[in-house]
Amino acid sequence: IEQALLLDEAIRQAVVLAKPYAEGDVRLVGFVVTDATVDPEAILATLCTQLPAYMLPYRIVVIDSIPL
């Protein structure tokens, strides 16, 4: 999933985490670092063409940096 995110030239770094959502439910969240303005919905739309549905993040969040 992270490699698919990094195919976007605007994305410098990416990490995907499984985050608890509701009782017993876990959802994937993609965190991306970019120098450009990106549209998270457009990123998700692109991922839909590259990944099966069960691998799609629920949300894309743009952050300044990925902590070590």
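A residue counts as buried when its relative accessible area is under 20%, as exposed when that value is over 50%, and as partly exposed in between. With that cut-off in mind, 26% of the 68 residues of the chain are buried in this structure, which is a predicted model.

It helps to begin with the overall plan of the chain. Its secondary structure comes to 2 helices and 3 strands, and, read from the N terminus on, these elements follow one another in the order α-β-β-α-β. The radius of gyration of the chain is 12 Å, close to the 11 Å that the globule rule gives for 68 residues, so the chain is as compact as a globular protein of that length. Taken along the principal axes, the box that the C-alpha atoms fill is roughly 35 × 30 × 20 Å. Among the contacts in the chain with a separation of 6 or more, 50% are made by residues 24 or more positions apart.

The outer side of the chain can be described in terms of its area and its charges. About 4700 Å² is exposed, and carbon and sulfur atoms supply 54% of that area. The chain carries 4 positive and 9 negative side chains, with 7 Å between the centres of the two sets.

From the surface we can turn to the interior. The largest nonpolar core has 12 residues, namely Ala4, Leu5, Ile11, Ala14, Val16, Val32, Val38, Ile43, Leu44, Leu47, Leu51 and Ile60. Two or more residues of this core are given by each of helix H1 (2–6), strand S1 and helix H2 (40–48).

Ile43 offers a way to look at this core from one of its members. Ile43 is found in helix H2, and it counts as buried because its relative accessibility is 6%, a value to be set against the limit of under 20%. If its neighbours within four places in sequence are left aside, Ile43 is in contact with Leu5, Asp8, Ile11, Val38 and Ile60; Leu5, Ile11, Val38 and Ile60 are listed in the core as well. The C-alpha atoms of Ile43 and Arg59, which are 16 residues apart along the chain, are separated by 9.8 Å.

Thr46 also lies in helix H2, but its surroundings are described by another class of accessibility. At 42% relative accessibility, Thr46 counts as partly exposed, because this class takes in the values between the limits for buried and exposed. Although Thr46 and Asp8 are 38 residues apart along the chain, their C-alpha atoms are separated by 9.0 Å.

The last residue to consider is Ala18, which is found in strand S1 (residues 11–20). Ala18 is exposed, because its relative accessible area is 52% and the class begins over 50%. Even so, once its neighbours within four places in sequence are left aside, Ala18 is in contact with Val26, Arg27 and Leu28. Between the C-alpha atoms of Ala18 and Gly30, which are 12 residues apart along the chain, the separation is 9.0 Å.

Notes: Residues are numbered from 1 along each chain as its sequence is written. This is a predicted model: local features need pLDDT of at least 70, side-chain atom pairs count only at pLDDT 80 or more; totals for chains, interfaces and linings use all residues. Side-chain values use heavy atoms; hydrogens and water are left out. Helices (H or I, at least four residues) and strands (E, at least two) are DSSP runs, numbered from the N terminus. The radius of gyration is taken over C-alpha atoms; the globule rule is 2.2 Å times the number of residues to the power 0.38. Buried means under 20% relative accessible area, exposed over 50%, partly exposed in between (1.4 Å probe, protein chains only). Contact means heavy atoms within 4.5 Å. Accessible areas come from the Shrake-Rupley method with a 1.4 Å probe; for residues, only the protein chains shown count as cover. Lys and Arg count as positive and Asp and Glu as negative; His and the chain ends are not counted. The place of a charge is taken as NZ of Lys, CZ of Arg, CG of Asp or CD of Glu. A nonpolar core is a set of buried Ala, Val, Leu, Ile, Met, Phe, Trp, Tyr and Cys residues joined through side-chain atoms within 4.5 Å.
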